[in-house]
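Hello,

Here is the structure I promised to pass on to you. Have a look at it first, and then read on for my notes on what turned up.

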Amino acid sequence: MTNKLYARDLGLEPGFTFRIQKCPLTQDYYVHCHDFSELVVILEGSAIHIIEGREYPVSAGQVFFIHSDISHGYKNVQNIEYINVMFHPDQLLQLPELKLLPGFQALFYLEPFFRKEMYFKGMLSLQPAQLEEANVLLDRILEEYDRQSDGYRLMIRTYFTALVGTLSRYYRQNGGGTENRALQIGEAVTYIEEHFLQPISLQSLADLAYMSKRQFLRVFTRNYHTTPMDYVIRKRLEYSCTLLRNAGLTISQVAMDSGFRDHNYYSRQFKKVFLCTPSEYRMHKAGM
């Protein structure tokens, strides 16, 4: 039975689930899982990393993201030194600008799904200069975490966001082009983030990912827990909330400007997601 680690037992704060540590690994580490996510950067040494029963070698420069409830461990450890960042994605990976990076979508959402299919070739491997740049940011995060001076959470969020953005850039640069399915789908998701107000079809998204509609729908739904078109609708609805704050726009204008051609369809979808009508939402915000 796989041992499970819980954030609360490690003393991690519910509102700021975060811990970073740089440490050596001198012996095998048992297979385990946890209710938080991990970002691991290997600084030196080598080992065999076990994920969900599959094994692959890791060495200096490799970066991988472990989702919650995914079992993993290490064996055949050879003088590993690594940095381990424990955190909750809902607290630290929601900045809209990150979602515009194909490498971010691939590294943090899609690559884990394709590890078996790509035989781990989609893992991020940093060049020496890239690893050095990442290490500078990691050291700053470590310093803020250890000192915990005034505003340390803000500084950790800032440096960690910069780290995630940097790693996302490197994933796209080093990602293997058309052979990397995770990166291809990441490009399609980024297209949604940038063009959700324009007409988008499932076929056009599948074409961007070089997949059939059926394949794309299956993989997208598995990783984002919603269908591609529902993802688009949610983006449009969230955008419409900003427009509803403008009292000079009618509900019909808001619907059209948010990418909905049918006012009634917009209102039904809005109520389904936000449990109130657009007019009720507008009145509530006006009364705040």
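Helix 2 and helix 4 sit roughly perpendicular to each other. In this predicted model, helix 2 covers residues 102-114 and helix 4 covers residues 152-174, and the two pack at an angle of about 95°. Their axes are 7 Å apart. Since the range from 65 to 115 degrees counts as roughly perpendicular, the label follows from the angle of about 95°. On the helix 2 side, the contact is made by Pro102, Gly103, Phe104, Ala106, Leu107, Phe108 and Glu111. Helix 4 contributes Val164, Leu167, Ser168, Tyr171 and Arg172. If you sort the residues of this contact by character, you get eight nonpolar, two polar and two charged.

Next, the strands. Strand 6 spans residues 62-66 and is mostly covered, with five of its five residues buried. In a regular strand, side chains alternate between the two faces of the sheet. Here both faces of strand 6 are covered: Gln62, Phe64 and Ile66 are buried on one side, and Val63 and Phe65 are buried on the other.

What does strand 6 pair with? One partner is strand 4, which runs antiparallel to strand 6 over four bridges. Within that pairing, Leu39 has Phe65 of strand 6 as its bridge partner. Another partner is strand 8 (residues 124-125), also antiparallel, joined to strand 6 by two bridges. There, Gln62 stands opposite Ser125 of strand 8.

Strand 4 itself takes in residues 37-51, and Ser37 belongs to it. Is Ser37 buried or exposed? Its relative accessibility is 3%, so Ser37 counts as buried; the cut-off for buried is under 20%. Leaving aside residues up to four places away in sequence, Ser37 touches Phe65, Ile66, His67, Ser68, Val85, Met86, Phe87 and Pro89. Two of these names, Phe65 and Ile66, you have already met among the buried residues of strand 6.

Strand 3 (residues 29-34) has pairings of its own. With strand 1 (residues 3-5), strand 3 pairs in the parallel sense over three bridges, and Leu5 has His34 of strand 3 as its bridge partner. With strand 7 (residues 72-87), strand 3 pairs in the antiparallel sense over two bridges. In that pairing, Tyr29 stands opposite Tyr74 of strand 7.

Tyr29 also turns up among the aromatic pairs, of which the structure holds 24. The ring centres of Tyr29 and Tyr30 lie 4.9 Å apart and the planes meet at 15°, so this pair is stacked. Tyr29 is partly exposed, at a relative accessible area of 31%, and Tyr30 is partly exposed too, at 41%. For the pair of Phe260 and Tyr265, the centres are 6.2 Å apart and the planes are at 50°, so the pair is tilted. Phe260 is buried at 3% relative accessibility, whereas Tyr265 is partly exposed at 30%.

You may also want to look at the backbone in two places. Asn79 has a phi near 50°, which is positive although the residue is not glycine. Asn79 lies in strand 7 and is exposed, with a relative accessible area of 63%. The other place is Tyr210, where phi is near 55°, again a positive value in a residue other than glycine. Tyr210 lies in the loop between helix 6 (202-208) and helix 7, and its relative accessibility of 58% makes it exposed.

One more loop residue is Thr226, found between helix 7 (213-224) and helix 8 (228-244). How accessible is Thr226? At 23% relative accessibility, Thr226 counts as partly exposed. Not counting residues up to four places away in sequence, Thr226 touches Phe220, Thr221 and Tyr231.

Those are my notes for now. Enjoy looking through the model!

Best wishes

Key:
Residues numbered from 1 in each chain as written. Predicted model: local features only at pLDDT ≥ 70, side-chain atom pairs only at ≥ 80, totals over all residues. Heavy atoms only, no water. Buried < 20%, exposed > 50% of the residue type's maximum accessible area, 1.4 Å probe, protein only. Contact = heavy atoms within 4.5 Å. Pairing = 2+ DSSP bridges. Axes fitted to C-alpha atoms, helices over the stretch in contact; angles between N-to-C directions. Parallel < 35°, antiparallel > 145°, perpendicular 65-115°, else oblique. Nonpolar A, V, L, I, M, F, W, Y, C, P; charged D, E, K, R; others polar. Phe/Tyr/Trp six-rings, centres within 6.5 Å; stacked < 30°, edge-to-face > 60°.
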